[in-house]
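I set out to look up unusual backbone geometry in this entry. My notes follow in the order of lookup.

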Amino acid sequence: SLIEGQPYTLQLAAEFQVAPSSGVISVPATAQVSFLVNERPRSGSFVVVPEQGQFDERFLLTASGWEDPDLPLTYEFRARAYGRSESTFLNPTLPLNTIKDVLLPAGLGSQASRVELTATIFDSLGASSTSQINATVVGPENASVAIESAGQTLDELEERGLGSVDDVYVSLGFVAGLLRSTDTGEIPAAGATPRELQLRGLGILADAVEQHFVSPQLLDSQTTTAEALSTSEGVGASNASSETNVILQIAQTTLNVADAILVNAAATSTTTVTDDASYGGSSLGRPPAEALTRAFSNVLDLGDAVTNTSAVAQDIGRASQELQRVRSASLLVGQEAEVLVAKRIINVFSLVNFLAAEDYSIEVDPPASSSHELRAQLNLSDSFLIGLGVDRFEDFLYGLISADDQAYSQTVKGEESQQDESTELTETRNLVTGV
């Protein structure tokens, strides 16, 4: 790797041979380029005030004293409760060094209510430094308080409207965190249920995705919010028979949000921000793609009301395929597969034969009926599945994504025969996400 702040010169030497009647003549040529490796911002601090507080308190985050000759500097702040996978992007549209009066996600009691705060500081050329600190954010004392606060936050957000972009996603992330804590106590008999509040939050998110402008940073916020609002983990138990319709609406609204995000991402031109390899040449980076994949997995976790509905499974397959199409600009020339793993989904993109030790293999065979290049079968080892924590193979949605609608293959466990491509998919658990 190159050393920051050091000058380098790269030289290319080539030789062109010609063969005139008098014999072979070598014509040498050289070219060189000199450059200085950019240094990342340094020497700054990152603080939160207060360092400890209740879930409904407002916090102040400040990154100060960061130095770099390549101005201006921009700042990104994120918050993640320990024990949770998703983080909240606190300032997707206002990259200033201070955030005032911001709600942070409530910490988990099992994790001493700790919340990880991350500040990333960028110079004008894209070099970045990261600083992390912890805050203590004590969650609601019981499910009733959590539900009441979530409902009140949604009420206030609807009253304020969607004009303050950052406020929308921070508030929705805050609500998602509260709803995930409602398994800590008895759900009140009266008033909205956690599922109903989830659906309400997803509806606001759908409106926001439709109305707000598009940027890589905002796509990041939208995908992580979709993931957080669609989860079943930690959401209080509900009467499945009475909430079947709500659950189906949660599934469909989540997929509608995903569709809208992917349409926006596909229509957004790449910028200097998206030159990073993690973006795959698109405006949608790998972390947001992973968040969407987890949102699809969350939909499958909603239960039989969803997984027994073929339309939902087909929508997941179509959206998963579109996800990798959006991501495919630079992946098409890559030599490695991109694998996005969630609880119930493995989403793979590859144009080459690929073998990863004992984990999985991708076999490529172009179909004669297609003008596209890709057809693949994904084979997963038992050790790989066990490592993912999959209890029963048949409960795991697995497959591949390709750039060709016809280019897919279905895998089955062990020595079970593989179904023909023309066979109708009757079990949504056997869905291949590239269909």
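Entry 1. I began with Ser 113, which sits in the loop between E8 and strand E9 (114-122). I read its phi as near 60°, a positive value in a residue other than glycine. The model is a predicted one, and I keep that in mind for every angle recorded here.

Entry 2. Is Ser 113 buried or exposed? I found a relative accessibility of 11% for Ser 113. Ser 113 therefore counts as buried, because the class requires under 20% relative accessible area.

Entry 3. I turned next to Asp 101, whose place is in strand E8 (residues 98-102). Its phi is also positive, near 50°, and Asp 101 is likewise not a glycine. I noted a relative accessible area of 56% for Asp 101. Since exposed means over 50%, I entered Asp 101 as exposed.

Entry 4. I wrote down the background for these checks: most residues other than glycine have a negative phi, and most peptide bonds are trans.

Entry 5. I then looked up peptide bonds. Which form does the bond from Val 49 to Pro 50 take? I found it to be cis, with omega near -5°. Pro 50 belongs to the loop that links strand E3 (45-49) and strand E4 (52-54).

Entry 6. I recorded a cis peptide bond from Leu 71 to Pro 72 as well, with omega near 0°. I located Pro 72 in the loop between strand E5 (59-64) and strand E6 (74-81).

Methods: Residues are numbered from 1 along each chain as its sequence is written. This is a predicted model: local features need pLDDT of at least 70, side-chain atom pairs count only at pLDDT 80 or more; totals for chains, interfaces and linings use all residues. Side-chain values use heavy atoms; hydrogens and water are left out. Helices (H or I, at least four residues) and strands (E, at least two) are DSSP runs, numbered from the N terminus. Buried means under 20% relative accessible area, exposed over 50%, partly exposed in between (1.4 Å probe, protein chains only).
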